[in-house]
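Student: I have a structure open and would like some help reading it. Could we go through a few features together?
Tutor: Gladly; let us look at it side by side.

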Amino acid sequence: MLVKVHGSSVFGVEATTIVVEVNINKGIGYHLVGLPDNAIKESNYRIAAALQNNGYKIPGKKITINMAPADMRKEGSAYDLTLAIGILAASSQIKATKVSSYIIMGELSLDGSLQPIKGALPIAIKAREEGFKGFILPKQNAKEAAIVDNLEVYGVETIEEVINYFDEKEELTPTIVNTREEFYKNLDFPAYDFSDVKGQESIKRCMEIAAAGGHNIILIGPPGAGKTMLAKRLPSILPPMSLQEALETTKIHSVIGRVKAHTGLMSQRPFRSPHHTISDVALVGGGAYPQPGEISLSHNGVLFLDELPEFKRSVLEVMRQPLEDREVTISRAKFTVTYPSSFMLVASMNPSPGGYFNDPNAPVTSSPAEMQRYMSKISGPLLDRIDIHIEVTPVPFDKLSEERKGESSVAIRKRVTIARERQTERFKELPMIHYNAQMGVRQIRTFCALDVASKELIKTAMERLNLSARAYDRILKVARTIADLEGEENIKGAHISEAIQYRSLDRDGWLG
């Protein structure tokens with residue numbers, strides 16, 4: 001008897017439906033074809049034990065299983081439940097009338113219980129697109145998949161529940177999630193708040209500008225100045241994610257199985273802080289069977305690179321193109337995968353190997369030559385892609401000992417959100433642009449028009465600092481954001497002046 005059941009394979013951040021054809025005939029043998037990997041080939045042992053422990057068995061006949069499309073490689077253990085139900089239906093141990101109407105996925109334990117799978121959200125989206133009645137999967141992933149409406153999602157704990165459902169012995173209860181209610185209910189603030197930061201008013205101003213325009217920022221200063229403390233608090237002042245952004249972000253994290261079972265939809269912007277020993281593949285994504293890297297896991301959030309010069313140069317250089325294009329394309333001989341990577345880069349670094357500026361009173365001093373050599377570990381093209389460079393100096397004792405708290409993240413976030421709303425309105429006709437940092441050359445010329453005085457000011461800065469064309473565009477973008485924070489329609493000279501101040505690493509003599 002021939003039976004068709006359906007599973008799904010995740011490729012990049014999209015799912016492809018897999019038709020599992022099970023044919024049972026006279027003879028002996030178990031033949032699994034359709035480019036399965038070792039985890040799928042080993043499934044027959046898990047399936048045999050799970051069925052036996054639940055009062056069923058693999059029939060002693062010739063079983064041929066094809067996973068179509070047969071030229072696409074299938075990987076992972078999530079097809080265990082699909083194959084098991086197919087074998088039971090084809091051998092008439094359960095009724096086969098409804099099995100083809102569902103996507104069925106899950107990894108089997110030997111006792112028949114189910115382990116969680118990866119990519120539940122993109123699979124559910126594809127199932128709805130292709131008109132399947134429902135999606136049967138492990139209970140741990142049910143809330144994640146139930147984000148998708150107009151699809152019955154059944155979270156199950158054992159294979160016995162699935163068997164009884166198809167045999168019409170018991171009903172399964174669909175998992176229902178009110179996506180909007182769930183999303184807005186979980187818009188809590190992170191644990192870190194800017195009110196904990198003593199002093200550093202100018203740096204807080206920079207962080208507010210960076211958050212308002214989505215600008216990349218680098219913090220340069222000695223140890224203990226508060227660089228990491230400030231960076232960790234940046235997500236607390238970013239505008240709340242839209243529902244669309246939350247779905248995009250959850251989809252990427254779902255692919256690698258990072259969505260928590262009790263949350264379903266991610267409502268907090270991601271904050272990723274990889275160690276400086278990370279490889280280029282781990283950062284941008286890839287591998288023999290490509291997976292998203294840290295820059296894609298930071299999509300719609302923040303990627304924090306602490307101690308930037310300690311990262312391998314090759315790792316930093318592969319990040320240049322995704323910073324510009326806001327997506328990363330991984331190419332192999334037989335396929336190409338594109339992952340979104342629209343993130344805010346926040347980097348921090350010491351100005352020298354010893355960690356201190358050219359200060360004779362510092363515990364460890366460094367000469368200008370040593371500082372220059374250390375700074376040169378970061379390429380000019382990468383620094384050009386960072387909009388804001390700012391020096392972070394140690395906080396004096398009188399500021400540290402103050403009892404008064406600084407401005408809270410709540411207050412800063414309100415100003416940032418209002419500025420972002422202005423940008424959303426400005427770019428409403430441009431579907432791929434949502435905030436100032438995403439502007440291309442054409443949008444900069446349209447929305448960053450300067451008066452005569454401002455043009456003279458930026459011309460002088462360009463000539464004196466020997467700035468590149470990319471740095472010129474960065475200054476205009478930052479100036480546009482400063483104007484938005486002040487509610488100004490046009491960029492003024494004061495906005496340009498402040499934006500120029502945030503190009504510390506371009507200034508002659510900065511290293512003493």
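**Reading the model, feature by feature**

Tutor: Let us start with the rings: Tyr102, Tyr154, Tyr165 and Phe166 are linked into a cluster by ring pairs. Keep in mind that this is a predicted model.

Student: How many aromatic pairs does the structure hold?

Tutor: The count is seven aromatic pairs. A pair of aromatic rings is described by the distance of the centres and the angle of the planes. For Tyr102 and Tyr154 the ring centres are 6.3 Å apart and the planes make 50 degrees, so this pair is tilted. It connects distant parts of the chain, with Tyr102 in strand S5 (residues 102–104) and Tyr154 in strand S9 (residues 152–156), 52 residues apart.

Student: Are Tyr102 and Tyr154 buried or exposed?

Tutor: Tyr102 counts as buried, at 0% relative accessibility, and Tyr154 is buried too, with a relative accessible area of 6%. Tyr154 also forms a tilted aromatic pair with Tyr165, at 5.5 Å centre to centre and 45 degrees between the planes. Here the link runs from Tyr154 in strand S9 to Tyr165 in helix H6 (residues 159–166), 11 residues apart. Tyr165 is buried as well, at 3% relative accessibility.

Student: Now the sheet. What is the order of the strands in the open sheet of five?

Tutor: To read an open sheet, follow the strands from one edge to the other. Here the order is S11-S14-S17-S10-S18, and the pairing is parallel. Strand S11 (271–272) and strand S18 (388–391) are at the edges with a single partner strand each, so one side of each has no neighbour in the sheet.

Student: How many bridges join S14 to S17?

Tutor: Strand S14 (residues 302–305) and strand S17 (residues 344–349) run parallel and are joined by four bridges. For one position to find on screen, look at Leu305, which stands opposite Ala347 in S17.

Student: Which strands does helix H8 touch?

Tutor: Helix H8 (residues 201–213) packs on the sheet and touches strand S10 (217–220), S17 and S18. The direction of H8 makes about 165 degrees with that of S18. H8 has a helical contact as well: the buried residues of H22 pack against H8, helix H20 (452–465) and helix H21 (469–485).

Student: Which residues of helix H22 are buried?

Tutor: In helix H22 (residues 493–501) they are His495, Ile496, Glu498, Ala499 and Ile500.

Student: How many disulfides does a search of the whole structure find?

Tutor: The search finds zero. To check a cysteine, look for the closest sulfur of another cysteine. For Cys206 that sulfur is in Cys448, 18 Å away, which is too far for a bond. Cys206 is buried, with a relative accessible area of 0%, and Cys448 counts as buried at 4% relative accessibility.

Student: Last, what does the chain average in pLDDT?

Tutor: The average is 88, and 94% of the residues score at least 70. Check the local values too: over residues 508–512 the pLDDT is below 50. That stretch has 13 contacts in the model beyond near neighbours in sequence.

Note on methods. Residues numbered from 1 in each chain as written. Predicted model: local features only at pLDDT ≥ 70, side-chain atom pairs only at ≥ 80, totals over all residues. Heavy atoms only, no water. Pairing = 2+ DSSP bridges. Helix = DSSP H or I, 4+ residues; strand = E, 2+ residues; numbered from the N terminus. Contact = heavy atoms within 4.5 Å. Axes fitted to C-alpha atoms, helices over the stretch in contact; angles between N-to-C directions. Disulfide = S-S within 2.5 Å. Buried < 20%, exposed > 50% of the residue type's maximum accessible area, 1.4 Å probe, protein only. pLDDT = per-residue confidence, 0-100. Phe/Tyr/Trp six-rings, centres within 6.5 Å; stacked < 30°, edge-to-face > 60°.
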